[in-house]
Amino acid sequence: TLAKEQGKGYGSELLAFVLERLRQKGTKRIWCNARAEKAGFYRRFGMVETADVFEKEGIAYVVMEIIH
């Protein structure tokens with residue numbers, strides 16, 4: 001989400017829709033590369049941090065996942 005559009009609920013609405021649709025389809029594992037500073041956003045949707053962390057262009061990332 002563009003910085004000027006953050007905090008308006010667009011990302012939350014989109015992620016909730018995608019996660020529900022994938023759950024309905026029987027997807028067993030959903031993962032994403034999350035900026036480490038934004039991991040709390042993904043935790044609100046039931047995602048958990050894995051041990052997989054990396055840095056890209058000076059930004060720390062963590063792989064987050066849900067396993068059904």
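# Aromatic pairs, a pocket and salt bridges in a predicted model

Visitor: How many aromatic pairs does the structure hold?
Guide: This is a predicted model, in which local features need pLDDT of at least 70 and side-chain atom pairs count only at pLDDT 80 or more, while totals for chains, interfaces and linings use all residues. Residues are numbered from 1 along each chain as its sequence is written, and side-chain values use heavy atoms, with hydrogens and water left out. Rings of Phe, Tyr and Trp (its six-membered ring) pair if their centres lie within 6.5 Å; planes under 30 degrees apart count as stacked, over 60 as edge-to-face and the rest as tilted. The number of aromatic pairs in the structure is three.

Visitor: What is the angle between the planes of Phe54 and Tyr61?
Guide: Relative accessible area (1.4 Å probe, protein chains only) sets the classes: buried under 20%, exposed over 50%, partly exposed in between. Phe54 is partly exposed at 33%, whereas Tyr61 is buried at 18%. Their rings form a stacked pair, 5.2 Å centre to centre, and the angle between the planes is 5°.

Visitor: Which residues form one aromatic cluster?
Guide: Two of the residues nearest the centre of the largest pocket are aromatic, namely Phe41 and Tyr42. Together with a further Phe they make up the cluster: Phe41, Tyr42 and Phe45.

Visitor: Which residue has a positive phi although it is not a glycine?
Guide: Most residues other than glycine have a negative phi. The exception here sits in the loop between strand 2 (48–56) and strand 3 (59–67), where strands are DSSP runs of E with at least two residues, helices are runs of H or I with at least four, and both are numbered from the N terminus. It is exposed, with a relative accessible area of 74%. Its phi is about 50°, and the residue is Glu57.

Visitor: What is the volume of the largest pocket?
Guide: On a 1 Å grid over the protein atoms alone, a pocket is an open set of points where a 1.4 Å probe fits, with protein on both sides within 12 Å along at least five of seven lines; lining residues have an atom within 4 Å of a point. Points are joined across faces, edges and corners, and the volume is the space filled by probe spheres set on them. For the largest pocket this gives about 430 Å³.

Visitor: Which element gives the most to the lining of the largest pocket?
Guide: The lining has 18 residues. Helix 1 (10–24), strand 1 (29–35) and helix 2 (39–43) each give two or more. With six residues, the element that gives the most is helix 1.

Visitor: How far apart are the N and O atoms in the salt bridge of Glu49 and Arg43?
Guide: A salt bridge is a side-chain nitrogen of Lys or Arg within 4 Å of a carboxyl oxygen of Asp or Glu, and the structure holds five. Glu49 is partly exposed at 37%, as is Arg43 at 44%. The N to O distance in their salt bridge is 2.4 Å.

Visitor: Which residue forms a salt bridge with Glu37?
Guide: Glu37 is exposed at 66% relative accessibility. The partner is partly exposed, with a relative accessible area of 33%. The closest N and O atoms are 4.0 Å apart, and the partner is Arg35.

Visitor: In which element is confidence highest?
Guide: The chain averages a pLDDT (the predictor's confidence in each residue, from 0 to 100) of 95, and 100% of the residues score at least 70. Confidence is lowest in helix 1, at a mean of 95, and at 98 the highest is strand 2.
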